[in-house]
Amino acid sequence: MKKIILTTTNSVEFGTIIEYMGLIQTCLILGNNAVSEFISGFTDLFGGFSNTLRSKFDELYENASKEIEDKARKKGADAVVGMKVDFEELAGKGKSMFMISIVGTAVKVKFDSEADEDKYSNEELYVNNTALNFELTKDEILRKLNDLEKRNMSTVEEWNPYLTDEQWNFILSYSLPEYAERLSDLYNAPKPSDTTQENYPRYIATLEIEDAKDIVYGNIQNALNVDNVDAEKIKKYKSIIKQLNLFDAKRLIGILNSDGIDINSLTPLLTLDKDIYRESDLKDMEELLSIFDNLKDKGRKEEVKGGLFSKASKIKFICPNGHANNEEVEYCETCYLNIKGLTITTVKEIENYRKKVLTLRTLMSNLK
Ligand SMILES: [Zn+2]
């Protein structure tokens, strides 16, 4: 394996840079649990800097530099120069995480002497122990989670604590989307444990934002299945969207445009907020509104003949479920749906959403 030279300087000591191959970057996140450990670490400051946290940071740094090396190797580079390492605290909504980001420039190097070239091109393969332990722990947890599939979900929580504190700690310390499906199963089980309920949103918070949205909106879409609406699940994921500021009108458009969705159960999500609305958000929100405004009729107005001996006929409102009502009835007297299949609550929710969109539009145009 070729060794990649990593350096903070802009040049390589034993050679000349002959080609710049572009920036390489990576970032890893140290999640919530490790950070609260950090905060509790202040209490034993007399005992020195929290050792757990220090080793966490070391581990994070090693993993991040390993990723940089891998990326450079794949590009066919010899070195990464001008490397910059940043630790940043991401805080907000009572949550706190640390992010390490490394960026550098991948370069091809012409070495001054063959000896130098050999030194860097023929390095013996090596794996460091941190990386080894990381993979082992990761796989062990994944295996444990995959065992879930073989069990009846209603019994899953019977053998709580399913994951040890240490394993949760590991999960929350890295951004690991491969756990999403199984952890969602745990969270969606009939009686999730307190630990699961508490840690699942934290886990979602460790993921890249698009991965997090895939999971959250995917679960909501499942819960909106017209044949099997799961109101409890919708409520839980709605609260996660709120907590983690994941509102995305585009995602709701996607759900609305898919088949077999219960619209009446979707509209409560329209009260979700964002911290900041950009012009693109407004555009998506307007598009969402226009989908509601252009819903096709699911019921119909129909001319119904009078009695056997009567020539007069009446217009009837036939609701989406086939109930016949008098023409002037707006919401079916049997199932409470209007001609578009919406309940009165849904119609009100859409009207409130319309007010929000219109006000946003006014505010936005005042800025111009
Ligand atoms: Zn009806």
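The largest nonpolar core of this predicted model has 37 residues, and those with the most contacts inside it are Ile204, Ala212, Val216 and Ile220. Two or more residues come from each of α4 (129-147), α6 (165-173), α7, α8 (194-206), α9 (209-223), α10 (231-244), α11 (249-256) and α13 (279-293). The largest share belongs to α9, which gives 6 residues to this core. Nonpolar side chains tend to be buried together in soluble globular proteins.

Valine 216 illustrates the packing. Leaving out residues up to four places away in sequence, Val216 touches Ile204, Tyr237, Ile240, Ile241 and Leu246. A second core, separate from this one, has 13 residues, including Val12, Ile24, Ala77 and Ala79.

**Overall content and confidence**

The protein chain contains 14 helices and 7 strands. It has 368 residues, of which 23% count as buried. Of the contacts between residues at least 6 apart in sequence, 71% join residues at least 24 apart.

The average pLDDT of the protein chain is 85, and 84% of the residues score at least 70. Residues 41-49 stay under 50 in pLDDT, and the model has 3 contacts beyond four places in sequence for them. Where pLDDT is low, the predicted coordinates should not be read in detail.

**Helices α7 and α11**

Leucine 186 is part of helix α7, which spans residues 180-188. Leucine 186 counts as buried because 23 other C-beta atoms lie within 10 Å, and the cut-off for a buried residue is 20 or more. The C-alpha atoms of leucine 186 and glutamine 197 are separated by 9.0 Å, with the two residues 11 apart along the chain.

In α11, the buried residues are Ala249, Arg251 and Leu252. These residues lie on the same side of α11 because they cover an arc of only 155 degrees around the axis. An α-helix has 3.6 residues a turn, so residues three or four places apart point the same way. The cover over the buried residues of α11 includes α9 and α13.

**The three-stranded sheet**

Strands β5, β6 and β7 form an open sheet in the order β5-β6-β7, with antiparallel pairing. The edge strands, each paired on one side only, are β5 (300-305) and β7 (324-326). On average, neighbouring strands of this sheet are turned by 50 degrees against each other, direction ignored. Strands of a sheet pair through backbone hydrogen bonds, either parallel or antiparallel.

The antiparallel pair of β5 and β6 is joined by 6 bridges, and within it valine 304 stands opposite lysine 314 in β6. Strand β6 covers residues 313-318 and pairs with β7 in the antiparallel sense over 3 bridges. In that second pairing, isoleucine 318 stands opposite alanine 324 in β7. As for burial, β5 is hardly covered: among its 6 residues the count of buried residues is 0.

**Loop residues**

Three loop residues are set out below by their surroundings.

| Residue | Loop | Other C-beta atoms within 10 Å | Class |
|---|---|---|---|
| Asparagine 245 | between α10 and α11 | 15 C-beta atoms | partly exposed |
| Glutamate 327 | between β7 and α14 | 12 C-beta atoms | exposed |
| Tyrosine 336 | between β7 and α14 | 14 C-beta atoms | partly exposed |

Asparagine 245 has a positive phi, near 55 degrees, in a residue other than glycine. Tyrosine 336, likewise a residue other than glycine, has a positive phi near 65 degrees. The loop that holds tyrosine 336 lies between β7 and α14 (344-366).

Glutamate 327 is in that loop between β7 and α14. With 12 other C-beta atoms within 10 Å, glutamate 327 is exposed, because the cut-off for an exposed residue is 12 or fewer. Apart from neighbours within four places in sequence, glutamate 327 is in contact with Lys301, Ile315, Lys316 and Phe317. The C-alpha atoms of glutamate 327 and phenylalanine 317 are separated by 5.0 Å, although the residues are 10 apart along the chain.

Technical notes
Residues numbered from 1 in each chain as written. Predicted model: local features only at pLDDT ≥ 70, side-chain atom pairs only at ≥ 80, totals over all residues. Helix = DSSP H or I, 4+ residues; strand = E, 2+ residues; numbered from the N terminus. Core = buried A, V, L, I, M, F, W, Y, C linked by C-beta atoms within 7 Å. Contact = placed C-beta atoms within 7 Å. Pairing = 2+ DSSP bridges. Axes fitted to C-alpha atoms, helices over the stretch in contact; angles between N-to-C directions. Arc of directions from axis to C-beta. pLDDT = per-residue confidence, 0-100.
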